[in-house]
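Visitor: I'm new to this one and would like a tour. Could you walk me through how to read it, feature by feature?

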Amino acid sequence: MNVPTTPSDDENSNRAGATTPKRLLLFVEPDAAAAEKLAQKLEPLSARWDMRFLESGSQALEHLAQWPVEGIVATPQVSDMTGAALLNEVASLHPTTMRFIRCTPAEGKSTKDFAAPLPQQLSSELDAEAVGAAIRHAITVDGWMSSEAVKKLLGQMRKLPVLPNLYGQVLEQLQSPDGSMEVVAEMIGKDPVMTAKMLQLVNSAYFALAYQVTNAMDAVMFLGAERTKSLILLTKIFSQFDKTRCAGFDAEGLWKHLMSVAFASRAITMAETRNNKVADAAFTGGLLHDIGKLLLAENLPEQYSEMLMEAKRRTFPLQAIELATFGATHSELGACLLTTWGLPLPILEAIALHHTPLVSEDTDFSVLTAVHAANVIEDEKVARKGTPVVRMDPAYLARLDLIGRRNRWRELLDCPARPQDEDRQDRLQA
């Protein structure tokens, strides 16, 4: 295959009329027929990525020397060198380029030839959607982690919650061919704190049940797998922190807000998509979207207490004060922590970008859309006079062609509708 001399001029157009250059990905595959087959399989990704298929490692290195490349995907053996040699050279000369190796599970067990940091492995059997999701996940997370402000803030986090053992056990049970919700309920029933929290939630006003749920089995069956998993995460994260260290930090208020946004996110998603899977992801995103605040309150209690008081005194959004102080906010901090726990990218993006959705690549309703809207609406519902409420991003919603849906979402969540001229004003701003 020929190596293009310049990157493509193709660009993605969004609904707001702006254009964003495609990101460049290199695939090094010496077998022309295999490369052609792979290109056909990956065609659905071409709207977002400019993908180049090269035959040799030298061609790839030449390309990397001329143009910025987001990621490179190699096979264990390319035409003029091993995949390991190529990716090691890329790591040395172009450390910001993400590296991937497409291989079989057996080939992936041997990592001795690779220099650190090891490239990410992609199964050679993955379909186009899975390959695209894996690459996008890696590149997005790397972008968050490589921010100097985020790295500095993460370095100050001396106490980080560990992934709950119960979560791992439940996940393993649900992924097993013989797994069952009954066994999950038995696991949770052995944890008194988790059982109490789950019963508290199921019997709360969020569900408005006509009867009282009194055991873990019924609670788990009612919540379902995804909501059960996300509630385990949230409960265990809260239980691992001393919530009295940071003066002015309202842990109980944060818990209630997270619950409210979780249910609101799910309700909005169901109204827009009628898709239970996406709605469950939105629930999880809403439940965990502000977890970075807990990290800041625990690890920087005195400094964060001052920031809380400043936000209250100046009636100024807390995330704006965080950004001015740290160069990053609780949103990115929380997403970076949960990245290490293996949460799916749509949930991580909802956590990282719920205050800044416009920087996403969204062109349609997503988990991020639901969490962004739900967070604003829930703040509107409890806001007192003089309290700043961050509005839903009009440019983001205009790009998704959803700007007219805001009052419908408010009505769905029993929140007073905003003035009718809001849409017209925001369209002008957008």
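Visitor: Let's pick a starting point. Where is the place of Ser260?

Guide: Keep in mind that this is a predicted model. Ser260 has its place in helix 12.

Visitor: And is Ser260 buried or exposed?

Guide: The idea is to compare relative accessible area with a cut-off: buried means under 20%. Ser260 has 19% relative accessibility, so it counts as buried.

Visitor: How far is Ser260 from Asn375, in sequence and in space?

Guide: Sequence and space are two separate readings here. Along the chain, Ser260 and Asn375 are 115 residues apart, while their C-alpha atoms are 8.5 Å apart in space.

Visitor: Let's turn to rings. How many aromatic pairs are there?

Guide: The general idea is to look at ring centres, then at the angle between the planes. The count here comes to seven aromatic pairs. One of them is Phe27 with Phe53, a stacked pair with 5.0 Å from centre to centre and 15 degrees between the planes.

Visitor: Which parts of the chain does that pair link?

Guide: Distant ones: Phe27 belongs to strand 3 and Phe53 to strand 4 (residues 49-54), with their positions 26 residues apart. Phe27 and Phe53 are both buried.

Visitor: Why is the pair of Phe263 and Phe283 called edge-to-face?

Guide: The angle decides, since planes over 60 degrees apart count as edge-to-face. For Phe263 and Phe283 the planes stand at 90 degrees, with the ring centres 5.2 Å apart, so this pair is edge-to-face. It links distant parts of the chain too: Phe263 is in helix 12 (residues 251-273) and Phe283 is in helix 13 (residues 276-288), 20 residues apart.

Visitor: What are the relative accessible areas of Phe263 and Phe283?

Guide: Phe263 has 14%, so it is buried. Phe283 has 1%, so it is buried as well.

Visitor: Which residues do ring pairs link into a cluster?

Guide: To read a cluster, follow the ring pairs from one residue to the next. Here they link Tyr206, Phe207, Phe222, Phe263 and Phe283.

Visitor: What lies over the face of Phe283?

Guide: That's Arg227, at 5.9 Å from the ring centre. You can find another case at Phe316, where the charged end of Arg314 sits over the ring, 4.7 Å from its centre.

Visitor: Now for charges that meet each other. How many salt bridges are found in the whole structure?

Guide: The search finds 14. When you read one, check the N to O distance, then ask where the two partners lie. Take Arg136 and Glu349, whose side chains meet at 2.8 Å, N to O. This pair links distant parts of the chain, with Arg136 in helix 5 (residues 128-145) and Glu349 in helix 18 (residues 345-352), 213 residues apart. Arg136 and Glu349 are both buried.

Visitor: Which residues are linked with Arg136 in a network of salt bridges?

Guide: Glu349 and Glu361 are linked with Arg136 in that network.

Visitor: Which helix holds both Glu226 and Lys229?

Guide: Helix 11 (residues 225-239) holds both, three residues apart, about one turn of the helix. Their side chains meet in a salt bridge of 3.2 Å, N to O. Glu226 has a relative accessible area of 34%, so it is partly exposed. Lys229, at 12%, counts as buried.

Visitor: What does Arg314 form a salt bridge with?

Guide: Its partner is Glu310, and the closest N and O atoms are 2.7 Å apart. Both residues lie in helix 15 (residues 301-314), four residues apart, about one turn of the helix. Glu310 is partly exposed at 23% relative accessible area, and Arg314 is partly exposed at 44%.

Visitor: Last stop: how many cavities of 30 Å³ or more are there?

Guide: For a cavity, look at the count, the space inside and the lining. The count comes to one cavity of 30 Å³ or more, and about 40 Å³ of space lies in the largest cavity.

Visitor: Which residues line the largest cavity?

Guide: The lining consists of Phe27, Val28, Glu29, Leu38, Val73, Ala74, Thr75 and Arg102. By class, that is five nonpolar, one polar and two charged residues. Strand 3 (23-28) and strand 5 (71-74) each supply at least two residues of the lining. You have met Phe27 already, in the stacked pair with Phe53.

Technical notes: Residues are numbered from 1 along each chain as its sequence is written. This is a predicted model: local features need pLDDT of at least 70, side-chain atom pairs count only at pLDDT 80 or more; totals for chains, interfaces and linings use all residues. Side-chain values use heavy atoms; hydrogens and water are left out. On a 1 Å grid over the protein atoms alone, a cavity is a set of points where a 1.4 Å probe fits but cannot get out, and a pocket is an open set with protein on both sides within 12 Å along at least five of seven lines; lining residues have an atom within 4 Å of a point. Grid points are joined across faces, edges and corners, and a volume is the space filled by probe spheres set on the points. Ala, Val, Leu, Ile, Met, Phe, Trp, Tyr, Cys and Pro count as nonpolar, Asp, Glu, Lys and Arg as charged, and the others, Gly among them, as polar. Rings of Phe, Tyr and Trp (its six-membered ring) pair if their centres lie within 6.5 Å; planes under 30 degrees apart count as stacked, over 60 as edge-to-face and the rest as tilted. Buried means under 20% relative accessible area, exposed over 50%, partly exposed in between (1.4 Å probe, protein chains only). A charge sits over a ring if NZ of Lys or CZ of Arg is within 6 Å of the ring centre and within 35 degrees of the ring normal. A salt bridge is a side-chain nitrogen of Lys or Arg within 4 Å of a carboxyl oxygen of Asp or Glu.
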